[in-house]
Amino acid sequence: MKQILVPTDFSKCADNAIDFAVHSAKILPAEITLLHSFEVNNNIYNDYMGVNRQFNLTMLNDAKEKLELRKKDIEATDGVIVDTLVS
């Protein structure tokens with residue numbers, strides 16, 4: 001195994017899964033990909049002011065920031081290579 005895909009919703013349970021993946025990646029060795037997915041709120045008929053678009057951009061940027069912070073923490077403390085992905 002060379003890659004470990006870890007989906008996260010930034011909850012405590014997801015943090016436990018990330019910790020398990022980090023420990024596994026040290027033993028195997030493997031790289032980790034942290035994945036966060038969210039549903040895009042997109043309805044052209046009720047988004048006259050661009051509120052949905054702004055909300056989606058805010059959600060995207062927030063997820064990217066959280067993943068990047070977690071990535072830096074893992075790489076600094078555990079020495080495991082981490083990639084991030086938002087879909």
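**Exercise 1. Decide whether valine 22 is buried or exposed, then work out what surrounds it.**

Step 1. Start with the accessibility: valine 22 comes out at 4% relative accessibility, so it counts as buried, the cut-off being under 20%. Keep in mind that this is a predicted model.

Step 2. Now place it. Valine 22 sits in helix α1.

Step 3. Look for partners beyond four places in sequence. With those close neighbours left out, valine 22 touches Ile32, Ile74, Asp78 and Val80.

Step 4. Check a distance. Between valine 22 and isoleucine 4 there are 9.0 Å in space, C-alpha to C-alpha, and the two are 18 residues apart in sequence.

**Exercise 2. Find which residues of α1 are buried, and say why they end up on the same side of the helix.**

Step 1. Get the helix dimensions first. α1 has 16 residues and reaches 23 Å from its first C-alpha to its last, close to the 22 Å expected at 1.5 Å a residue.

Step 2. Pick out the buried positions: they are Ala14, Ile18, Ala21, Val22, Ser24 and Ala25. Because these residues cover an arc of only 165° around the axis, they lie on the same side of α1.

Step 3. Turn the helix over. On the face pointing away from the buried side you'll meet the exposed residues Lys12, Cys13, Asn16, Phe20 and Ile27.

**Exercise 3. Lay out the chain and its sheet: what is the strand order, and which strands stand at the edges?**

Step 1. Count the elements. The protein chain has two helices and three strands, and reading along the sequence gives you β-α-β-α-β.

Step 2. Assemble the sheet. The three strands make an open sheet in the order β1-β2-β3, with parallel pairing. β1 and β3 (82–86) are the edge strands, each with a single partner, so one side of each has no neighbour in the sheet. On average, neighbouring strands are turned by 20° against each other, direction ignored.

Step 3. Go through the pairings. β1 and β2 pair in the parallel sense over five bridges, and isoleucine 4 stands opposite isoleucine 32 in β2. Five bridges also join β2 to β3, where leucine 35 faces leucine 85 in β3.

Step 4. Add the helix. α1 packs on the sheet and touches β1 and β2, its direction making about 175° with that of β1.

Step 5. See how covered the middle strand is. Five of the six residues of β2 are buried.

**Exercise 4. Describe the largest nonpolar core: how many residues does it have, and which elements supply them?**

Step 1. Take the size and the best-connected members. The largest nonpolar core has 13 residues, and those with the most contacts inside it are Ile4, Val6, Ile32, Leu34 and Ile74.

Step 2. Trace the sources. Two or more residues come from each of β1 (3–7), α1 (12–27), β2 (31–36) and α2 (51–78). α1 gives the most to this core, with four residues.

Step 3. Zoom in on one member. Skipping neighbours within four places in sequence, isoleucine 74 is in contact with Ile18, Val22, Leu34, Gly79, Val80 and Val82.

Step 4. Put it against the whole chain. Of the 87 residues, 29% count as buried. Among contacts between residues at least 6 apart in sequence, 66% join residues at least 24 apart.

**Exercise 5. Work out where glutamate 75 sits and what it touches.**

Step 1. Glutamate 75 belongs to helix α2, and since its relative accessibility is 32%, it counts as partly exposed.

Step 2. Leaving out residues up to four places away in sequence, glutamate 75 touches Val80, Ile81 and Val82.

Step 3. Tie this back to Exercise 1. Glutamate 75 and valine 22 are 53 residues apart in sequence and 9.7 Å apart in space, C-alpha to C-alpha.

**Exercise 6. Check the backbone in two loops: which residues does the cis peptide bond join, and what is phi of phenylalanine 10?**

Step 1. The cis peptide bond joins leucine 28 and proline 29, with omega about -25°. Proline 29 is in the loop between α1 and β2.

Step 2. Phenylalanine 10 has phi near 65°, a positive value in a residue other than glycine. You'll find phenylalanine 10 in the loop between β1 and α1, partly exposed with a relative accessible area of 27%.

Notes:
Residues are numbered from 1 along each chain as its sequence is written. This is a predicted model: local features need pLDDT of at least 70, side-chain atom pairs count only at pLDDT 80 or more; totals for chains, interfaces and linings use all residues. Side-chain values use heavy atoms; hydrogens and water are left out. A nonpolar core is a set of buried Ala, Val, Leu, Ile, Met, Phe, Trp, Tyr and Cys residues joined through side-chain atoms within 4.5 Å. Buried means under 20% relative accessible area, exposed over 50%, partly exposed in between (1.4 Å probe, protein chains only). Contact means heavy atoms within 4.5 Å. The expected span of a helix is 1.5 Å times one less than its number of residues. The arc is that of the directions from the helix axis to the C-beta atoms. Two strands pair if DSSP finds at least two bridges between them. Axes are lines fitted to C-alpha atoms, for helices over the stretch in contact, and angles run from 0 to 180 degrees between N-to-C directions.
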